[in-house]
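Me: Please take a close look at the side-chain pairings in this chain, starting from its overall dimensions and moving on to the individual partners.

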Amino acid sequence: MNDCLFCKIIRKEIPSKPVFESGTIIAFPDINPAAEIHLLIIPKKHIGGMKDLTLNDGKMLAEIYQVANKLVSQYNLDDKLYRLVVNGGLAQHVPHIHLHLLGGKLKKTA
């Protein structure tokens with residue numbers, strides 16, 4: 001999708017600092033972190049949200065969670081506090097399905 005923020009990042013039109021990248025998945029730090037560690041894990045295929053998923057997306061979803069598991073280990077979160085979050089509806093600010101990996105203390109919001 002041409003105007004999707006995450007698609008622009010995937011196409012390298014907007015700079016990011018990937019911590020993981022494969023042919024189908026990219027992960028990078030959130031620019032507005034809600035925790036000490038806040039990474040976004042997204043498919044390179046544009047999928048607007050959960051309602052747009054199909055059974056054919058199952059392998060890609062499994063890969064997203066495998067990547068999350070690798071990043072949990074990479075950031076030494078295995079035995080520490082971390083969360084995996086998928087937002088939907090009005091809570092999903094970018095209409096491109098993605099997983100938030102939040103590690104450590106959450107930051108206070110106003």
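Reply:
**Side-chain pairings in a predicted model**

The chain has a radius of gyration of 14 Å, which agrees with the value near 13 Å for a compact globule of 110 residues (taken over C-alpha atoms, with the rule being 2.2 Å times the number of residues to the power 0.38). This is a predicted model, in which local features need pLDDT of at least 70 and side-chain atom pairs pLDDT 80 or more, while totals for chains, interfaces and linings use all residues. Residues are numbered from 1 along each chain as its sequence is written, and side-chain values use heavy atoms, without hydrogens or water.

Along its principal axes, the C-alpha trace spans about 35 × 30 × 25 Å. The chain contains 2 helices and 5 strands (DSSP runs numbered from the N terminus: H or I of at least four residues, E of at least two), and from the N terminus on these elements run α-β-β-β-α-β-β. Of the 110 residues, 36% are buried (under 20% relative accessible area, with exposed over 50% and partly exposed in between; 1.4 Å probe, protein chains only). Among the contacts (heavy atoms within 4.5 Å) with a separation of 6 or more, 52% involve residues 24 or more positions apart.

The whole structure holds 5 salt bridges (a side-chain nitrogen of Lys or Arg within 4 Å of a carboxyl oxygen of Asp or Glu). Among them is the one between the side chains of Lys12 and Glu21, with an N to O distance of 3.2 Å. Glu21 also meets the side chain of Lys44 in a salt bridge, here at 2.8 Å from N to O. Glu21 belongs to strand β1 (residues 20-21) and Lys44 to the loop between β3 (35-43) and α2 (58-74), so this pair ties together parts of the chain that are 23 residues apart in sequence. Both partners are partly exposed, with a relative accessible area of 37% for Glu21 and 23% for Lys44.

A further salt bridge joins the side chains of Asp57 and Lys45, at 2.7 Å from N to O. Here Asp57 and Lys45 each lie in the loop between β3 and α2, 12 residues apart, and the pair is one that links distant parts of the chain. Asp57 counts as buried at 3% relative accessibility, whereas Lys45 is partly exposed, with a relative accessible area of 48%. Through shared partners, salt bridges join Lys12, Glu21 and Lys44 into one network.

Turning to the rings, the structure holds 1 aromatic pair (rings of Phe, Tyr and Trp, the last by its six-membered ring, with centres within 6.5 Å; planes under 30 degrees apart are stacked, over 60 edge-to-face and the rest tilted). The ring centres of Phe6 and Phe28 lie 6.0 Å apart and their planes stand at 75°, so the pair is edge-to-face. The two rings link distant parts of the chain, with Phe6 in helix α1 (residues 5-10) and Phe28 in strand β2 (residues 25-29), 22 residues apart. Phe6 is buried, with a relative accessible area of 4%, and Phe28 likewise counts as buried at 4% relative accessibility.

Phe28 also connects this ring pair to a histidine, since His38 touches Phe28 and, beyond residues up to four places away in sequence, has further contacts that include Pro29, Asp30, Asn32, His100 and Leu102. His38 itself sits in strand β3 and is buried, with a relative accessible area of 8%.
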